[in-house]
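Trainee: I am new to this structure and would like a close, patient look at one part of it, the sheet of the first chain, together with whatever surrounds it.

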Amino acid sequence: MSVEVQVPTILRGFTGGSRAVESDGATLAALLDNLDREHPGIKERIVDTAELRRFINVYVNDEDVRFTGGLQTPLSDGDVVVVLPAVAGGQDGAPRRG
Amino acid sequence: MLRLPAEVYDEIVDHARRDHPDEACGVVAGPAGSDRPTRFIPMVNAARSPTFFEFAPMDLLALYRELDERDEEPVVVYHSHTSTEAYPSRTDIALAQEPGAHYVLVSTRDGAAESGPVELRSFRIVDGEVTEEEVEVVSRVG
């Protein structure tokens with residue numbers, strides 16, 4: 001099985017500059033574990049302890065995984081995973097969420 | 001230095017004024033690798049807040065897909081502060097994740113939302129380090 005992972009600019013230092021890499025896993029969590037073996041350190045930038053980081057968005061086949069089971073989202077051969085950092089901010093005194 | 005076409009400058013300021021008292025946000029796209037901000041793309045602030053902004057996750061995906069298809073990148077990421085100066089906040093710095101972008105800040109405080117000059121400044125934010133840069137308003141990016 002093979003899943004394409006599209007990597008944002010800020011994480012391409014982990015993939016030798018590649019915009020997309022192949023990996024595999026029956027769930028998003030398993031995929032990220034495998035990805036981290038190939039590209040050590042990348043998982044920690046996406047996952048904080050056992051949860052997706054609040055300001056990182058992950059999509060499987062264009063669906064936001066927050067609505068499809070989060071890290072337990074199942075994956076199949078040919079799926080496309082997109083990782084995109086949130087574009088967010090705000091003036092000081094902002095309620096920090098997540 | 002950021003070279004900003006005059007019409008894009010005006011569009012950013014107009015957007016910030018229009019969305020005041022909430023923060024406004026968006027990008028200015030340009031051909032990948034060109035460092036030329038040419039295509040103004042206002043975004044919805046999903047937080048609809050005077051002190052926070054965030055692109056909605058599905059809007060974000062659609063935006064990046066469109067940029068990829070057009071071989072563009074977000075040359076400028078802009079947002080407004082509604083009651084503080086046009087300088088990156090701690091939140092802005094912590095959440096800046098587009099190291100190649102010019103981060104443009106606009107302040108609509110002190111009545112600037114209605115009339116008078118609007119403060120607009122540009123910064124690089126890389127690994128938590130903020131560097132202000134000059135903004136040159138140009139009639140045409142050549």
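In what order do the strands of the open sheet of 5 strands in chain A stand, and what sort of pairing do they show?

Mentor: This is a predicted model, in which local features need pLDDT of at least 70 and side-chain atom pairs count only at pLDDT 80 or more, while totals for chains, interfaces and linings use all residues. Residues are numbered from 1 along each chain as its sequence is written, and chains are lettered from A and ligands numbered from 1 in the order in which they are written.

The open sheet of chain A has 5 strands in the order β2-β1-β7-β5-β6, and its pairing is mixed. At its edges stand β2 and β6 (63-64) of chain A, each with a single partner strand, so one side of each is left without a neighbour in the sheet. The names come from DSSP runs numbered from the N terminus, with helices (H or I) of at least four residues and strands (E) of at least two, and two strands pair if DSSP finds at least two bridges between them. At the β6 edge, β5(A) and β6(A) run antiparallel and are joined by 2 bridges, and A:Tyr59 has A:Asp64 in β6(A) as its bridge partner. Helix α1(A) packs on this sheet, where it touches β1, β2, β5 and β7 of chain A, and its direction makes about 110° with that of β2(A). The other chain also contributes a helix, since α2(B) packs on the sheet by touching β5, β6 and β7 of chain A, with a direction at about 105° to that of β7(A). Such angles run from 0 to 180 degrees between N-to-C directions, along lines fitted to C-alpha atoms, for helices over the stretch in contact.

Consider α1 (residues 28-38) of chain A by itself, where A:Leu28, A:Leu31, A:Leu32 and A:Leu35 are buried. Seen down the axis of α1(A), its buried residues fall within an arc of 95°, so they line one face of the helix. That arc is taken from the directions that lead from the helix axis to the C-beta atoms, and a residue is buried if 20 or more other C-beta atoms lie within 10 Å of its own, exposed if 12 or fewer, and partly exposed in between, with C-beta atoms placed from the backbone. The buried residues of α1(A) pack against β1 (3-6), β2 (20-23), β3 (47-48), β5 and β7 of chain A. Here two residues are in contact if their C-beta atoms, placed from the backbone, lie within 7 Å.

The next step is the boundary with chain B. The contact takes 21 residues from chain A and 26 residues from chain B. On the side of chain A that touches chain B, the elements giving two or more residues are β5 (56-60), β7 (80-85) and β8 (88-89) of chain A, and β7(A) gives the most, with 3 residues. By class, this side of chain A has 11 nonpolar, 6 polar and 4 charged residues, where Ala, Val, Leu, Ile, Met, Phe, Trp, Tyr, Cys and Pro count as nonpolar, Asp, Glu, Lys and Arg as charged, and the others, Gly among them, as polar. Strand β8(A) is also joined by 2 bridges to β4 (residues 53-54) of chain B, the two running antiparallel, and A:Gly89 stands opposite B:Phe53 in β4(B).

Beyond that boundary, chain B has 3 helices and 9 strands. An open sheet of 6 strands in chain B has the order β3-β2-β5-β6-β7-β8, again with mixed pairing. Its edges are β3 (39-43) and β8 (129-133) of chain B, each with a single partner strand, so one side of each is left without a neighbour in the sheet. Direction ignored, neighbouring strands of this sheet are turned by 30° against each other on average. Strand β2 (residues 25-31) and strand β5 (residues 72-81) of chain B pair in the antiparallel sense over 7 bridges. Helix α2 (residues 57-69) of chain B, already met on the sheet of chain A, packs on this sheet too, touching β2, β3 and β5 of chain B, with its direction at about 145° to that of β5(B). Of the 7 residues of β2(B), 6 are buried, so this strand is largely enclosed by the rest of the structure.
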